[in-house]
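Q: I would like to go through this model with you, piece by piece. Shall we begin with the charged pairs and then move on?

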Amino acid sequence: MTTEIKAPTFPESVQDGVVANWHKQPGEAVSRDELLVDIETDKVVLEVVASTDGVLGEIIKGAGDTVLSNEVIGIIAEAGEQAAAPAASAPKAAPAASSGGGEVVDLKAPTFPESVQDGSVASWHKAVGEQVSRDELLVDIETDKVVLEVVAPADGVLSAISAEAGSTVQSNQVIGQITAGATASAAAAPAAAAPAAAPAGGEAVASPSARKLASEKGIDLASVAGSGKDGRITKEDVANAKSAPAAPAASPVPAAKAAASAAPLPAGERIEKRVPMTRLRKRIAERLLNASTSTAMLTTFNEVNMKPLMDMRKQYKDLFEKTHDGARLGFMGMFTKAACEALKRFPQVNASIDGDDIVYHGFQDVGVAVSTPNGLVVPVLRDVDDMSIATIESTIRDFGMRAKDGKLGIEEMTGGTFTITNGGVFGSLLSTPILNPPQSAILGMHKIQDRPMAVDGKVEILPMMYLALSYDHRLLDGKDAVQFLVAIKEFIEDPARMLLQV
């Protein structure tokens with residue numbers, strides 16, 4: 001006997017709802033009044049509970065599907081009918097394992113923080129039936145902030161994958177299973193070892209981590225055989241591949257055939273490649289668009305003479321690195337400290353708008369924009385006022401290295417009261433940075449360029465940098481923004497002012 005799971009009865013003002021997430025998967029036992037699924041309407045989130053004990057036999061409406069009032073969204077079967085659940089909803093079965101198999105252990109997605117709704121399976125590093133070791137990387141899950149790694153909880157064999165690459169998963173959702181203590185069977189070994197060929201004549205399909213590694217090693221993905229699902233190239237495939245050898249000398253071919261192969265494409269035919277946006281890129285796009293449409297953004301500019309700071313850096317660079325255990329003396333530490341001192345003098349720049357209120361922060365948490373292969377991230381330096389220049393420099397360097405490897409934690413990229421971005425490292429001479437809401441200002445650094453400047457009636461060649469401050473005009477007047485930027489300029493041109501706090 002089966003029992004239908006139905007959507008709630010919506011009020012007249014609500015036309016339909018959207019399935020937010022299921023808390024159970026097909027085949028799992030459910031108890032009467034246990035929460036099964038959340039349905040989100042334009043007003044509230046409604047909870048649907050089990051009307052009886054049994055087993056979740058089928059999910060008819062998955063996460064993201066639109067449902068109507070009282071529509072059937074799933075089926076509960078009696079405990080004895082678990083085997084009758086549709087094959088489509090069951091995890092992909094593993095090849096036969098040896099008789100040494102043990103307990104089946106669920107492989108779950110990580111616990112996402114409140115600010116992250118869900119994630120996408122980026123790539124599996126193991127195929128069903130392959131041997132796995134405890135703490136070995138199995139799958140990458142991409143959120144709108146970071147890429148999270150899921151490792152094996154025990155030694156054994158990957159016996160099932162229930163969330164393939166590209167699938168959307170919820171916090172703590174079961175995405176696969178491991179048979180603890182088992183060993184891969186001899187029959188399955190050859191099949192698992194033979195990598196699937198890439199689609200003929202098509203673009204090589206690779207995971208984000210594989211593309212990054214291939215770019216770093218200078219490897220053409222077209223020359224790498226993928227061992228993942230449907231020929232997907234994994235990070236391990238790239239790591240095991242060597243740079244493509246020089247092409248062997250071509251054998252003689254008839255002149256007519258050679259001419260035909262060299263013929264240009266027909267006029268008007270152009271090649272295009274369409275790839276889906278990553279979740280991180282989507283999130284960046286949403287935030288930047290929101291910043292440009294929901295704030296009254298304005299940018300003011302100034303220029304700073306970098307010679308005093310460059311002379312100080314040249315004088316103390318080696319001693320600084322020796323004294324502070326290898327921490328390098330750069331410009332970001334001084335600019336971050338200068339911004340902190342300026343924020344203390346102009347607290348409105350450190351404030352944010354919350355509805356009809358202005359929130360003044362009694363601390364300076366400065367975000368530093370870092371470019372990664374997957375997009376821009378902004379890790380946050382907490383309580384900069386209590387940090388030394390050496391601590392700031394070493395923390396920023398650590399952020400940059402871990403950001404490129406996708407190792408930053410979500411909590412390290414949330415919050416912040418002010419942001420600094422340095423386009424000068426890429427050669428930018430001048431730009432207008434976009435706000436990072438709900439912050440009210442962002443400082444843009446740029447390339448250091450030698451320019452002729454008038455000094456005491458004489459022309460001198462000085463290393464100059466343009467500074468840009470974008471700010472929310474709803475909160476900051478032009479006077480406040482200009483004076484704040486001038487304060488940073490004065491601190492950089494005379495670093496002793498920061499020490500003396502004058």
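Q: Which side chain does aspartate 472 meet in a salt bridge?
A: In this predicted model, the side chain of aspartate 472 forms a salt bridge with that of arginine 474, at 2.7 Å from N to O.

Q: Is that aspartate buried or exposed?
A: Aspartate 472 counts as buried, at 3% relative accessibility.

Q: How many salt bridges does the structure hold?
A: There are 15 salt bridges in the structure. One of them joins glutamate 303 and arginine 451, with 2.6 Å from N to O. Glutamate 303 belongs to strand E18 (residues 297-305) and arginine 451 to strand E27 (residues 448-455), so this pair ties together parts that are 148 residues apart in sequence.

Q: And how accessible are glutamate 303 and arginine 451?
A: Glutamate 303 is partly exposed at 24% relative accessibility, whereas arginine 451 is buried, with a relative accessible area of 14%.

Q: What about glutamate 490, which arginine does it pair with?
A: Glutamate 490 forms a salt bridge with arginine 497, and the closest N and O atoms are 3.6 Å apart. Glutamate 490 is partly exposed at 33% relative accessibility, and arginine 497 is partly exposed at 26%.

Q: Which residues are joined into one network by salt bridges that share partners?
A: Glu341, Lys344 and Asp385 are joined in that way.

Q: Asp385 also makes me think of cysteine 340. What is cysteine 340 in contact with, beyond its neighbours in sequence?
A: Leaving aside neighbours within four places in sequence, cysteine 340 is in contact with Asp385, Gln364 and Val384. Cysteine 340 sits in helix H7 (residues 332-345) and is buried, with a relative accessible area of 0%. Its C-alpha atom is separated by 9.2 Å from that of phenylalanine 363, which lies 23 residues away along the chain.

Q: Moving to the next helix, where is glutamate 393, and what is its nearest side chain of opposite charge?
A: Glutamate 393 is in helix H8 (residues 389-404). The nearest side chain of opposite charge is that of arginine 313, 6.9 Å away; glutamate 393 is buried yet has no salt bridge.

Q: Why does arginine 313 not count as a salt-bridge partner there?
A: A salt bridge requires the nitrogen and the carboxyl oxygen to be within 4 Å, and arginine 313 is 6.9 Å from glutamate 393.

Q: Then what does glutamate 393 touch?
A: Not counting residues up to four places away in sequence, glutamate 393 touches Arg328, Leu329, Gly330, Phe331, Met332 and Gly333.

Q: Let us turn to the backbone. Which peptide bond is cis, with omega near 5 degrees?
A: The bond from proline 437 to proline 438 is cis. Proline 438 is in the loop between strand E25 (418-422) and strand E26 (441-445). Most peptide bonds are trans.

Q: What else lies in that loop between E25 and E26?
A: Isoleucine 434 lies there too, and it is partly exposed at 34% relative accessibility. Together with Leu288 and Met297, Ile434 makes a nonpolar surface patch of about 210 Å².

Q: Where are aspartate 325 and aspartate 383, and what is the sign of phi in each?
A: Aspartate 325 is in the loop between helix H6 (307-323) and H7, and its phi is positive, about 55 degrees. Aspartate 383 is in the loop between strand E24 (380-381) and H8, with a positive phi of about 50 degrees. Aspartate 325 is exposed, with a relative accessible area of 76%; aspartate 383 is partly exposed, at 38%.

Q: Now the sheets. In what order do the strands of the open sheet with E5 run?
A: The order of the four strands is E5-E4-E2-E7, with antiparallel pairing. Strand E5 (45-49) and strand E7 (66-67) stand at the edges, each with a single partner strand, so one side of each has no neighbour in the sheet. Strands E2 (residues 17-22) and E4 (residues 35-40) pair over four bridges, and asparagine 21 has aspartate 38 as its bridge partner in E4.

Q: And the sheet with E1, what is its order?
A: That open sheet runs E1-E8-E6-E3, and its pairing is antiparallel. Its edge strands are E1 (2-6) and E3 (29-30). Strands E6 (residues 54-59) and E8 (residues 72-77) pair over four bridges, and valine 55 has alanine 77 as its bridge partner in E8.

Q: Finally, how many helices and strands does the protein chain have?
A: The protein chain has 10 helices and 28 strands, and buried residues make up 40% of its 502 residues.

Definitions and conventions
Residues are numbered from 1 along each chain as its sequence is written. This is a predicted model: local features need pLDDT of at least 70, side-chain atom pairs count only at pLDDT 80 or more; totals for chains, interfaces and linings use all residues. Side-chain values use heavy atoms; hydrogens and water are left out. Two strands pair if DSSP finds at least two bridges between them. Helices (H or I, at least four residues) and strands (E, at least two) are DSSP runs, numbered from the N terminus. Buried means under 20% relative accessible area, exposed over 50%, partly exposed in between (1.4 Å probe, protein chains only). Contact means heavy atoms within 4.5 Å. Lys and Arg count as positive and Asp and Glu as negative; His and the chain ends are not counted. Patches are made of residues with over 30% relative accessible area and no salt bridge: like charges are joined within 9 Å, nonpolar side chains (Val, Leu, Ile, Met, Phe, Trp, Tyr) within 5 Å. Accessible areas come from the Shrake-Rupley method with a 1.4 Å probe; for residues, only the protein chains shown count as cover.
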